[in-house]
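I open a fresh notebook page for this structure. My plan is to look up strand pairing, helix packing and a few backbone details.

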Amino acid sequence: MSGEARKEDGGAWLSIGALSRATGVAVETLRTWESRYGFPRPERKPSGHRVYPVSAVQRLRRIAKALQLGHRAGQVVGASEEALGRLLESSVAATSSAGSRFPASPTAQDLPGMLQLVKAFDGEGLFRQFLADWARIGPVEFLESRIAPLVRAAGEGWEHGDLEVRHERFLSERASDLLRSLRLPLEERAAGPLVVFATLPGEAHGLGLQMSALVLAASGCRILYLGTEVPIAQVASVARDLAARAVAVSVSAATKGPASAAGLRRLREALPRRVLLVAGGDGAPAARPGIESVKTLRDLDAWGRRVAAFLPVGGLPEPRA
């Protein structure tokens, strides 16, 4: 068999990564549910590997559907099959008569309710609504129509005195947790070229970097996420040592200017010529020889798909075979 699903002791078993891919539930979420609610329950084989029965797939898909309909994980993950069935039946009936609880395409009218969740520090509520939209729309649309508007609105609320620093930090951390949990299952099955993600010294804003990494993981690129404020020499070193295809750097509006442009030039000089360098974010400078500039997530998605397909993307010449 493939190694993802295998027969042992007369039954079919899945690794946690394969279980995640079969159900759409992030690996980190599966581990949290196992610890908190006792499901899914793994078996430990003589080899020492933890594996999960194929029979867990159907139940996890039903649980994911219940979460999309607005139920809390505490209600459904540990529920009996009978109770879970009743919840789904009642929710589907209510959805049929009154329309979906969550709009198919998030609009500005959703923001006040989401901001109230931020004010209440309701992380579970934010996750539930985010996951409902993630399951329904593509990665780029999800980021552009849900995450980015909420982060922008929270920033404006902070400037106007409607929110405090603690609210902005709470949202940033919860959004980062979400984006990371969505990206990891995509990384597990990505087979494209390696892209290193980082911000340069002086750039502490990492949410845009997280969003960009999710977009490229969805396009099939393998991701090495270094995080914020990484020394230029170390970014170049890891890209060189791991034969990365590209380095992606996020520049926020807060750090836009000559310093960030100079940092990108130094990074370009430190990188091997075969390694592409792409800069994105509100503060990214205009494209110049050897440095691609990507202004939108849709442009980044298109760039990533060309890179994943090993097609020319402009800027530097393609490496020789």
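Entry 1, strand pairing. I looked up strand β5 (residues 194–198) and found that β5 pairs with β7 in the parallel sense, over four bridges. I note that the model is a predicted one. As a single example from that pairing, I took A198 and found V249 of β7 as its bridge partner. I then looked for pairing with strand β8 (residues 276–280): β7 and β8 also run in the parallel sense, over five bridges. Here I noted V247, which stands opposite L277 in β8.

Entry 2, burial of β7. Is strand β7 (residues 246–250) enclosed by the rest of the structure or not, and how many of its residues are buried? I count five of the five residues as buried, so β7 is largely enclosed by the rest of the structure. I checked the two faces separately. A246, A248 and S250 lie on one side, V247 and V249 on the other, and all of them are buried.

Entry 3, helix packing. I turned to helix α6 (residues 111–119) and helix α8 (residues 139–159). Their axes come within 10 Å and cross at roughly 65°. The class of roughly perpendicular runs from 65 to 115 degrees, and α6 and α8 are therefore roughly perpendicular to each other. For handedness, I recorded that α6 passes α8 in a right-handed crossing. I then listed the residues that meet: L111, M114 and L115 on the α6 side, with R146, P149, L150, A153 and A154 on the α8 side. By type, I sort the residues of this contact into seven nonpolar, no polar and one charged.

Entry 4, backbone details. I kept in mind that most residues other than glycine have a negative phi, and that most peptide bonds are trans. Which peptide bond did I note as cis? The bond from F39 to P40 is cis, with omega near 0°. I placed P40 in the loop between α2 (27–37) and β3 (43–44).

I also looked for positive phi values. F121 has a phi of about 55°, although it is not a glycine. I find F121 in the loop between α6 and α7 (123–134). With a relative accessible area of 35%, F121 is partly exposed. I noted A243 as well, a residue other than glycine with a positive phi near 55°. A243 sits in the loop between α11 (232–241) and β7, and β7 is the strand I had found to be largely enclosed.

Notes: Residues numbered from 1 in each chain as written. Predicted model: local features only at pLDDT ≥ 70, side-chain atom pairs only at ≥ 80, totals over all residues. Heavy atoms only, no water. Axes fitted to C-alpha atoms, helices over the stretch in contact; angles between N-to-C directions. Parallel < 35°, antiparallel > 145°, perpendicular 65-115°, else oblique. Left-handed = near helix turned anticlockwise from the far one by under 90°. Contact = heavy atoms within 4.5 Å. Nonpolar A, V, L, I, M, F, W, Y, C, P; charged D, E, K, R; others polar. Buried < 20%, exposed > 50% of the residue type's maximum accessible area, 1.4 Å probe, protein only. Pairing = 2+ DSSP bridges.
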